[in-house]
Amino acid sequence: MDQWEELGNNIYSHRYEALNQNIGLIVGSEEAIVIDTRGHHAHADELRRDIAKLTSVPVTTVVNTHMHWDHTFGNARFPEARIVGHVRCRSTLLDFGPEMRDTVAAQLPPEWGDHVAAVEIVPPEVTFEESMTLTLDDRQIRLAYLGRAHTDNDISLLIDDVVMAGDLIEEGAPPAFGSSFPSEWPVTLADLLEEPAAVWLPGHGRVVGRAFVESQAADLGTVAAVLADMKSSGRTEVPPGPFQREVMELAWMRFEAD
Ligand SMILES: [Zn+2]
């Protein structure tokens, strides 16, 4: 942790102790692309210092994997870059960003919450609905939205043998269901697994391989089946599933709301 890890040719990730979070970086001969910007300006400034340790080329593009605060609230600290994200990443930040900022700031301890409360929210200005390709030197970087899952605006970044999947996958903690679509998540992740990539970067936790992603997709499928069974049998008590009770209850709440 706390250093850049090379995932492929000029493809890096940096895991931060705060939230056990991963930031991606792809470095070209004259410019770089950063994937997610962390949860407040001071953390984004730390990210910029870490990028400067690795390369002197400027960051010209920021990709937001989804609208959650810990992935987008550092955007304002990359004023020279174009910010790219799903069309609903933009609209959600515009419509609900201030509310998310206030809620998160109130929940965090003050030394952290005060930073979040002061964030200037900058949504992606370059958006797409299904897919988009970025070019870096002679390399193609694919951005893909495959359906609702952890949120309704998760995108994955694909380059060479690497998938940067944002919070579509999570290592070291259960998947986060708070904004999720539990019945669609396993379907979306199964679609992403059609990619033959070997190296997978979760939004949080260690870099993983295909086997981990397949296992998490299976667990998400079990959650969806358990919840569907609950609904069809009219039960309200959440039965044991692959994740702890609070996680299953949150998934059920989201399943019911959808
Ligand atoms: Zn998230």
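Helix 3 is the leading contributor to the lining of the largest pocket in this predicted model, supplying nine residues. This helix spans residues 87–107, and helix 2, covering residues 69–72, likewise gives at least two residues to the lining. The full lining comprises 27 residues. Those nearest the centre of the pocket are H68, W69, D70, G178 and S179. The space in the pocket amounts to about 760 Å³.

The chemical make-up of this lining is mixed: nonpolar and polar residues number 10 each, and seven charged residues complete the set. A reader tracing the pocket in the structure may find it handy to start from H68, W69 and D70, which are among the residues nearest its centre, and then to turn to helix 3 with its nine lining residues.

Helix 3 also packs against another helix. Its partner is helix 4, residues 110–117, and the two axes lie 7 Å apart at an angle of about 165°. Because angles over 145 degrees count as roughly antiparallel, helix 3 is roughly antiparallel to helix 4. The crossing of helix 3 with helix 4 is left-handed. On the side of helix 3, the contact is formed by R101, V104 and A105, while helix 4 brings G113, V116 and A117. Sorted by class, the residues of this contact are four nonpolar, one polar and one charged.

Technical notes:
Residues numbered from 1 in each chain as written. Predicted model: local features only at pLDDT ≥ 70, side-chain atom pairs only at ≥ 80, totals over all residues. Heavy atoms only, no water. 1 Å grid on protein atoms, 1.4 Å probe; cavity = no way out; pocket = protein on both sides within 12 Å on 5 of 7 lines; lining within 4 Å. Points joined across faces, edges and corners; volume = space filled by probe spheres on them. Helix = DSSP H or I, 4+ residues; strand = E, 2+ residues; numbered from the N terminus. Nonpolar A, V, L, I, M, F, W, Y, C, P; charged D, E, K, R; others polar. Axes fitted to C-alpha atoms, helices over the stretch in contact; angles between N-to-C directions. Parallel < 35°, antiparallel > 145°, perpendicular 65-115°, else oblique. Left-handed = near helix turned anticlockwise from the far one by under 90°. Contact = heavy atoms within 4.5 Å.
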